[in-house]
Amino acid sequence: MEAAAPHNPAEPANSAVLTVTSPEQMRELGRRLAKLLRAGDLVLLSGELGAGKTTLTRGLGEGLGVRGAVTSPTFVIARVHPSLGDGPPLVHVDAYRLSGGLDEMEDLDLDVSLPESVIVVEWGEGKVEELTDDRLQLVIHRAVGDTTDEVRHVTVTGLGGRWAGTDLSVLSA
């Protein structure tokens, strides 16, 4: 597999910041995001434990129309959700327990799955960026500590040519 070049900081990233106030809004964000995705897309999710990464992915699965309940793949590392229609399958990966980079992820064959799937990787920073120059990064910020605050600030950044002309502001609709 050929390693992709790192993102060129001189190339402007396409980004949007969204405010989400409930788990249902996080799921809805996932459903809206699904409308922008196509086979070959890599989505990296990061945020504190309990920030809403799996909730967002559940909505994304609903929006893509895939089979099976989207749940956290923490202990199985990856789950494949085939499409119920003509869309791409969803590969949902949780890299939280993986300490290495792409080498440790190689057993998952993400490079083989990427061209025909949408791959979502929770906790994937520093582990899967070499798969492709084109990726969507979502960072979910939430209040930390003993709080019942449901407010999340989601920074969505599109990197590479695939995302250069995409209007990410539609995600806030």
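**Close-up views of a predicted protein model**

**View 1. The whole chain at a glance.** The protein has 5 helices and 7 strands. This is a predicted model. Starting at the N terminus, its elements follow the order β-α-β-α-β-β-α-α-β-β-β-α. Of the 173 residues in the protein, 44% are buried. The exposed area comes to about 8400 Å², and carbon and sulfur atoms supply 50% of it. Now take the contacts between residues at least 6 apart in sequence: 67% of them join residues at least 24 apart.

**View 2. Confidence along the chain.** How high is the mean pLDDT of the protein? The mean is 83. A value of 70 or more is reached by 79% of the residues. Residues 1-11 stay under 50. For this stretch, the model has 15 contacts beyond four places in sequence.

**View 3. The open sheet.** In what order do the 7 strands lie in the sheet? The order is 1-7-6-2-5-4-3. The sheet is open, and its pairing is mixed. Strand 1 (14-20) and strand 3 (78-81) are the edge strands, and each pairs on one side only. Neighbouring strands are turned against each other by 15° on average, direction ignored. In general, strands of a sheet pair through backbone hydrogen bonds, either parallel or antiparallel.

**View 4. Strand 7 and its two partners.** Look first at strand 6 (residues 135-142). Strand 6 is joined to strand 7 by 8 bridges, and the two run antiparallel. Leucine 136 stands opposite glycine 158 of strand 7. Leucine 138 stands opposite valine 156 of strand 7. Now turn to strand 1. Here 7 bridges make the link to strand 7, and this pair also runs antiparallel. Is strand 7 mostly covered or mostly uncovered? Strand 7 is mostly covered, with 6 of its 8 residues buried.

**View 5. Threonine 157 in close-up.** Threonine 157 belongs to strand 7, which spans residues 152-159. Across from threonine 157 stands serine 15. Why does threonine 157 count as buried? Its relative accessible area is 17%, and buried means under 20%. So threonine 157 falls on the buried side of that cut-off. Leucine 44 is 113 residues away from threonine 157 along the chain. In space, the C-alpha atoms of the two residues are separated by 9.8 Å.

**View 6. Two helices packed on the sheet.** Which strands does helix 1 touch? Helix 1 (residues 23-34) packs on the sheet and touches strand 1, strand 6 and strand 7. The direction of helix 1 makes about 150° with that of strand 1. Helix 2 (residues 53-64) packs on the sheet too. Helix 2 touches strand 2 (42-47), strand 4 (90-94), strand 5 (118-122) and strand 6. With the direction of strand 5, helix 2 makes about 170°.

**View 7. Tryptophan 123 in its loop.** Where does tryptophan 123 lie? Tryptophan 123 sits in the loop between strand 5 and strand 6. Look at its backbone: the phi of tryptophan 123 is positive, at about 60°. Tryptophan 123 has this positive phi although it is not a glycine.

Technical notes:
Residues are numbered from 1 along each chain as its sequence is written. This is a predicted model: local features need pLDDT of at least 70, side-chain atom pairs count only at pLDDT 80 or more; totals for chains, interfaces and linings use all residues. Side-chain values use heavy atoms; hydrogens and water are left out. Helices (H or I, at least four residues) and strands (E, at least two) are DSSP runs, numbered from the N terminus. Buried means under 20% relative accessible area, exposed over 50%, partly exposed in between (1.4 Å probe, protein chains only). Contact means heavy atoms within 4.5 Å. Accessible areas come from the Shrake-Rupley method with a 1.4 Å probe; for residues, only the protein chains shown count as cover. pLDDT is the predictor's confidence in each residue, from 0 to 100. Two strands pair if DSSP finds at least two bridges between them. Axes are lines fitted to C-alpha atoms, for helices over the stretch in contact, and angles run from 0 to 180 degrees between N-to-C directions.
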